[in-house]
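Biologist: Please take a close look at the largest pocket of this model. What is its volume, which residues line it, and which elements do they come from?

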Amino acid sequence: MKMIYCLHRSIISLEAVPVAMAAFRAFWNSPVGPKTTHFWGPVANWGFVTAGLVDTQKPAEMISGNMTGAMCVYSGLFMRFAWMVQPRNYLLLACHASNEAVQLYQFSRWAKAQGYLTNKVSEGEK
């Protein structure tokens, strides 16, 4: 038993337990904690980021320009919402900033596949 106590004491200081419990309790009861939609909404929205990252492995011809553009606008609007809402929802802001980055990358892949980002050579330069 003494060995277990020594091992436990070396991993977590017994004095830190009340501090950790107080921090957890404050998070649990906070206005953006797991008891609210301010927490679970952003957690669910990480699915958009995950789906976008998975889609980077697919051919660029499969990307929908309309949907990717809509996702860029959606994430841009919700980044502003996350910043303006009180209390500020940093989890939602991080989620939509990540989604915006992924969707802009996808949008650039789509534009390259459609030929929008190629250098066009005029007839006089050939």
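Modeller: What follows describes the pocket, then the chain around it. The model is predicted, and the values below are computed from it.

The largest pocket has a volume of about 260 Å³. Its lining consists of 15 residues, and those closest to the centre of the pocket are Asp55, Ile63, Thr68, Gln103 and Gln106. Three elements each give two or more residues to this lining, namely α3 (37-55), α4 (65-84) and α5 (90-114). Among the elements, α3 gives the most, with 5 residues. Asp55, one of the residues closest to the centre, is also the residue at which α3 ends. Thr68 lies within the range of α4, while Gln103 and Gln106 lie within that of α5.

By residue class, the lining of the largest pocket divides into 7 nonpolar, 6 polar and 2 charged residues. Of the residues closest to the centre, Ile63 counts as nonpolar and Asp55 as charged, whereas Thr68, Gln103 and Gln106 count as polar.

As for the chain that forms this pocket, its secondary structure comes to 5 helices and 0 strands, and along the sequence the pattern reads α-α-α-α-α. The chain has 126 residues, of which 24% are buried. Taking contacts between residues at least 6 apart in sequence, 63% join residues at least 24 apart. The exposed area of the chain is about 9,100 Å², and carbon and sulfur atoms supply 68% of that area.

Conventions
Residues numbered from 1 in each chain as written. Predicted model: local features only at pLDDT ≥ 70, side-chain atom pairs only at ≥ 80, totals over all residues. Heavy atoms only, no water. 1 Å grid on protein atoms, 1.4 Å probe; cavity = no way out; pocket = protein on both sides within 12 Å on 5 of 7 lines; lining within 4 Å. Points joined across faces, edges and corners; volume = space filled by probe spheres on them. Helix = DSSP H or I, 4+ residues; strand = E, 2+ residues; numbered from the N terminus. Buried < 20%, exposed > 50% of the residue type's maximum accessible area, 1.4 Å probe, protein only. Contact = heavy atoms within 4.5 Å. Areas by Shrake-Rupley, 256 points an atom, 1.4 Å probe, with all protein chains shown as cover.
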